[in-house]
Amino acid sequence: MVRHAVLSDAVYRSRVLPTWLPANPLSLKHWPAIEVPDNVREVHWFHQAVDRPAGHRIVAADPKQTRVHPGTKLSVPHARMDDAAAYHGMAWRLATCRRRGAPTPTIPRPGGDT
């Protein structure tokens, strides 16, 4: 079981496309969704719309088992998403939340990268 997942501009990759393709054409579309398996309890996700590829919608395979928090939109390009302070802050808060059953930390809705 995975208690928390923190995703940074996650991009859909089709299972039917060959893995040797140098480019994923579906990553440039806005409609695919990434389905989180039911062994994940909570998901926090960050996305951007500055350039392509842009993070896709995150949905739970079983909403009774997995809580997907609303996505946080950041104003940085895809290539900089892994460096975003808000993404690092959420990952750090969840990783250092030691008490079992402690409430999930809240994250401020940033206007930009912070």
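The side chain of Glu42 makes a polar contact with the side chain of His69, at 2.6 Å. The model in which this contact appears is predicted. Glu42 belongs to strand E3, which spans residues 40–48. Although Glu42 is buried, no salt bridge is found for this residue. Arg67 is the nearest side chain of opposite charge, and the distance to Arg67 is 4.2 Å. A salt bridge requires a side-chain nitrogen of Lys or Arg within 4 Å of a carboxyl oxygen of Asp or Glu, so the 4.2 Å between Glu42 and Arg67 does not qualify.

Strand E3 also contains Val40. With a relative accessible area of 8%, Val40 counts as buried, because the cut-off for burial is under 20%. Leaving out residues up to four places away in sequence, Val40 touches Val2, Ala5, Gln65 and Thr66. One of these partners, Gln65, is 25 residues from Val40 in sequence, and the two C-alpha atoms are 7.6 Å apart.

The distances and the accessible area given for Glu42 and Val40 are set out below.

| Residue | Partner or property | Value |
|---|---|---|
| Glu42 | His69, polar contact between side chains | 2.6 Å |
| Glu42 | Arg67, nearest side chain of opposite charge | 4.2 Å |
| Val40 | Gln65, C-alpha to C-alpha | 7.6 Å |
| Val40 | relative accessible area | 8% |

Turning to the whole protein, there are six strands and one helix. Their order along the sequence is β-β-β-β-β-β-α. Of the 114 residues, 33% are buried. Among contacts between residues at least 6 apart in sequence, 72% join residues at least 24 apart.

Strand E2 (residues 33–36) pairs with E4 in the parallel sense, over four bridges. In this pairing, Ile34 is placed opposite Ile58 of E4. Strand E4 covers residues 57–60, and its side chains alternate between two faces. Ile58 and Ala60 point to one face and are buried, whereas Arg57 and Val59 point to the other and are not.

In soluble globular proteins, nonpolar side chains tend to be buried together. Here the largest nonpolar core has nine residues: Phe46, Leu74, Val76, Met81, Ala84, Ala86, Tyr87, Met90 and Leu94. Helix H1 (residues 85–95) supplies the largest share of this core, four residues. Apart from this core lies another, of seven residues, including Ala5, Ile34, Val43 and Trp45.

Tyr87, a member of the nine-residue core, is in contact with Val6, Leu7, Ser8, Phe46, Met81 and Asp82 when neighbours within four places in sequence are set aside. Phe46 and Met81 are also listed in the largest core.

Conventions:
Residues are numbered from 1 along each chain as its sequence is written. This is a predicted model: local features need pLDDT of at least 70, side-chain atom pairs count only at pLDDT 80 or more; totals for chains, interfaces and linings use all residues. Side-chain values use heavy atoms; hydrogens and water are left out. Buried means under 20% relative accessible area, exposed over 50%, partly exposed in between (1.4 Å probe, protein chains only). Two strands pair if DSSP finds at least two bridges between them. Lys and Arg count as positive and Asp and Glu as negative; His and the chain ends are not counted. A polar contact is a pair of N or O atoms within 3.5 Å; within protein, one must be able to donate a hydrogen and the other to accept it, and residues adjacent in sequence count only if both atoms are side-chain atoms. A nonpolar core is a set of buried Ala, Val, Leu, Ile, Met, Phe, Trp, Tyr and Cys residues joined through side-chain atoms within 4.5 Å. Contact means heavy atoms within 4.5 Å.
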